[in-house]
Amino acid sequence: MSDQTGTSVEVIPLGNGRYQVVNGSRRLIAFAVASRDVWVFLDGHVYTITDRADGAARRSRIDDQAALTAPMPATVLAINVAPGQRVERNDVVMVLEAMKMELPVRSPRDGVVKAVGCQVGELVQPGATLLELEEPAGEVQLPTPNAQLPKDENIER
Amino acid sequence: MNTRPLFDRILIANRGEIAVRVIRACREMGIESVAVYSDADARAVHVSLADHAVRIGPAAAIESYLSIDAILSAARQSGAQAVHPGYGFLSENSRFAAACEEAGLTFIGPPAEAIERMGSKIAARAIAREAGVPVVPGETPSEQSDAAIADAVRRVGFPVLLKPSEGGGGIGMKTVRDEDALSATTAQARREAVAAFGDGTLYVERLIEQPHHVEFQVLADHHGHVVHVFERECSIQRRHQKVIEESPSLVVSPALRQRMGEAAVAVATAAGYRNAGTVEFLVEGSGDSARFYFLEMNTRLQVEHPVTEQVAGIDLVRAQIAIAAGQPLARKQADLAQRGHAIELRVYAEDPANNDLPQAGPLLLYREPVMPGIRIDSGVTEGSEVTVHYDPLLAKLIASGETREAARGRALAALRSYPVLGIRTNIPLLIALLEHPRFIAGDVDTGFLDAEGDALRAPLTVGPPPEVTTIAALVRAERTTSGIVRHGPVPSEADPWSSLKGARV
């Protein structure tokens, strides 16, 4: 395979997750392993390569449900909203706890809580639906990303 | 020479890298180790390495690693004679230290009274002041009129912080730099203190600008000997969590080192301290004219103790065990010296490109670099499961060299050969930090990482270079062809992998 400059890139499997990379005249050892994504370590950087079809499928499922999902395994500390309640973008809708940190989960947009998918005290897994949002009547539906955990709000305890 | 071990069996009341560290020291000293574990840690590295292991409860720390009853019962059950608390968890709990002694177990740490005394910031400050060690100047004026506050401000010296006396967490703190702003800011600080805490009483404290966080390791035995083992510079912090520590500190000159070391010994002596401890200071300025102020004393082994071990050639965990067994310190102050430079980098399971979000999951691939001048203290191995229940510290990489620059070069080379796959870690951020011109110049105060953090993180979200997408395609092919591993280069233009160039991150 070639990159734009025409320099050849060779990859030689060395076994046990190790790969010799020869990029032009530069040689490096990379490491890689596959789970759902492929993880690659090269020169101090880590890349996760998601299979395009698989990634698109996962994304569209989340969009369809307009659900807020858990970004990581965590315990639900508090739920600040109930079904039918209007929320605004950036409202703290619940608080998760993971690794001794409190993680406030904020609403990614304005909307109405359709359903709450977890209980206080529950251990939720990544991708688990925390909350479903629906649009107030007559408004345009926007895609919903994963739960947003804004900077500087991870409170150490 | 008497070769009988100091103890027959020690219980380590901790987990992760520090439990592994203590277990290894026990083995070197011919002492049997007893690991304790929660249900989440049944297959953890510290459990597999210890001579004995006792389950102490469910995953939640409050029911396991923080349960005094569970740990004492494990000690009884295992026949341990002494308990090493590590750091965190129960290590600075004076009730735990006392309960160990009452149960006939030697607590490998300071006496319960010393933990309690130094655990109170007010009492610790009073002890330091009585020992003639400077503390950050400050007072709560007994009269709170504008004139009395202004007098206090002049005694303390500009710039000052006006803090709600009842407050905490930085709420309602106001900086005053000169006389002009004094009366207006005093009125405002008083209003905010009333609004936030229902009490307008103000505490006046000198503002230390761009301080360095420098701490001194001390060791004290049961025979009246107290020594310091030099300093650690811990100014690279993220929201008060240390990320990089090093020794020696670039702001500490030999004369300042002597003064600060004597101050650390004076504080430890006045506190009736025994075993290993750390005296923390804020340093203002640098060189012989720098000023230092006592901050607090940590009555435990520190996470960053390896940098001291590397430059002073002393094993602090062995020293702790020997002191607890009643042995006198092996070396006097005059026998201790610093040699070369050491830098410790904390490898955390968190995503630096995503608000440092803690990560959990399996370590699909985990290979520690083995190279000259590199020490790794870790509590995980390939296949370990990182859980949400505990601290996200995976490992500490300690690089040593003849000079700071040599140690920095070794640290960079090692981090670039330290693959951790399956969860995100802060390794890319540590590399960016080590390459930052201000770090290279040693120009880092405690505000450095919070100020430069966004710029350091910006390059962490770049897409994969072509060789990475090639590797990914190769890995997928290896997986799907189950067992048919291709050997040799994969270079040809007609090669099917080149069509996968557009794979997405």
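Where in chain B does B:Pro159 lie? In this predicted model, B:Pro159 lies in the loop between helix 7 (146-156) and strand 7 of chain B. The peptide bond that leads into this proline, from B:Phe158 to B:Pro159, is cis. Its omega is near -10°. A cis bond also runs from B:Ser247 to B:Pro248, with omega near -5°. B:Pro248 sits in the loop between strand 12 (241-247) and helix 9 (254-270) of chain B. Another loop of chain B, between strand 4 (82-84) and helix 4 (94-102), holds B:Phe89. B:Phe89 is not a glycine, yet its phi is positive, at about 40°.

The strand that follows the loop of B:Pro159 is strand 7 of chain B. Strand 7 (residues 160-164) pairs with strand 8 of chain B in the antiparallel sense. Three bridges join the two strands. In this pairing, B:Val160 stands opposite B:Val176 of strand 8 of chain B. Strands 7 and 8 belong to an open sheet of four strands in chain B. The strand order is 6-9-7-8, and the pairing is antiparallel. Strand 6 (138-139) and strand 8 (174-176) of chain B each have a single partner strand, so one side of each is left without a neighbour in the sheet.

Chain B also has an open sheet of five strands. Here the order is 3-2-1-4-5, and the pairing is parallel. Strand 3 (52-57) and strand 5 (106-107) of chain B stand at the edges. Each has a single partner strand, so one side of each lacks a neighbour in the sheet. Strands of a sheet pair through backbone hydrogen bonds, and the pairing may be parallel or antiparallel. Within the five-stranded sheet, strand 1 of chain B runs parallel to strand 4 of chain B, and three bridges join them. B:Ile10 has B:Ala82, in strand 4 of chain B, as its bridge partner.

Charged side chains provide further links. Side chains of opposite charge can pair when their charged atoms come close. Over all chains, the count comes to 40 salt bridges. One salt bridge joins B:Arg15 and B:Asp41, with the closest N and O atoms 2.6 Å apart. This pair links distant parts of the chain, as the two residues are 26 residues apart. B:Arg15 lies in the loop between strand 1 (9-12) and helix 1 of chain B. B:Asp41 lies in the loop between strand 2 (32-38) and helix 2 (45-49) of chain B.

On a broader scale, chain B is divided into domain 1 (9-108), domain 2 (137-206) and domain 3 (212-461). The C-alpha centres of domain 1 and domain 3 of chain B are 24 Å apart. Their contact takes 30 residues from domain 1 of chain B and 28 residues from domain 3 of chain B. About 2,100 Å² is buried between these two domains. Carbon and sulfur atoms give 61% of that area.

Polar and charged pairs also cross this interface. Five salt bridges are found between domain 1 and domain 3 of chain B. B:Lys396 forms a salt bridge with B:Glu17, the closest N and O atoms being 2.9 Å apart. Ten residue pairs are in polar contact across the interface of domain 1 and domain 3 of chain B. Which helix gives the most to the side of domain 1 of chain B that touches domain 3 of chain B? Helix 1 (residues 16-28) of chain B does, with nine residues. By class, this side of domain 1 has 16 nonpolar, eight polar and six charged residues.

Chain A shows antiparallel strand pairs of its own. Strand 2 (residues 18-23) and strand 3 (residues 26-34) of chain A pair over six bridges in the antiparallel sense. A:Gln20 stands opposite A:Ile29 in strand 3 of chain A. These two strands form a hairpin with two residues between them. In this hairpin, A:Gly24 takes a positive phi near 65°. Strand 3 of chain A also runs antiparallel to strand 4 (residues 38-42) of chain A, with five bridges joining them. A:Ala34 has A:Val38, in strand 4 of chain A, as its bridge partner. A hairpin joins strand 3 to strand 4 of chain A through three residues.

How values were computed: Residues are numbered from 1 along each chain as its sequence is written. Chains are lettered from A and ligands numbered from 1 in the order in which they are written. This is a predicted model: local features need pLDDT of at least 70, side-chain atom pairs count only at pLDDT 80 or more; totals for chains, interfaces and linings use all residues. Side-chain values use heavy atoms; hydrogens and water are left out. Domain bounds come from an automatic or database domain assignment. Contact means heavy atoms within 4.5 Å. Buried area is the accessible area (1.4 Å probe) that two parts lose on being put together, summed over both. A salt bridge is a side-chain nitrogen of Lys or Arg within 4 Å of a carboxyl oxygen of Asp or Glu. A polar contact is a pair of N or O atoms within 3.5 Å; within protein, one must be able to donate a hydrogen and the other to accept it, and residues adjacent in sequence count only if both atoms are side-chain atoms. Ala, Val, Leu, Ile, Met, Phe, Trp, Tyr, Cys and Pro count as nonpolar, Asp, Glu, Lys and Arg as charged, and the others, Gly among them, as polar. Two strands pair if DSSP finds at least two bridges between them.
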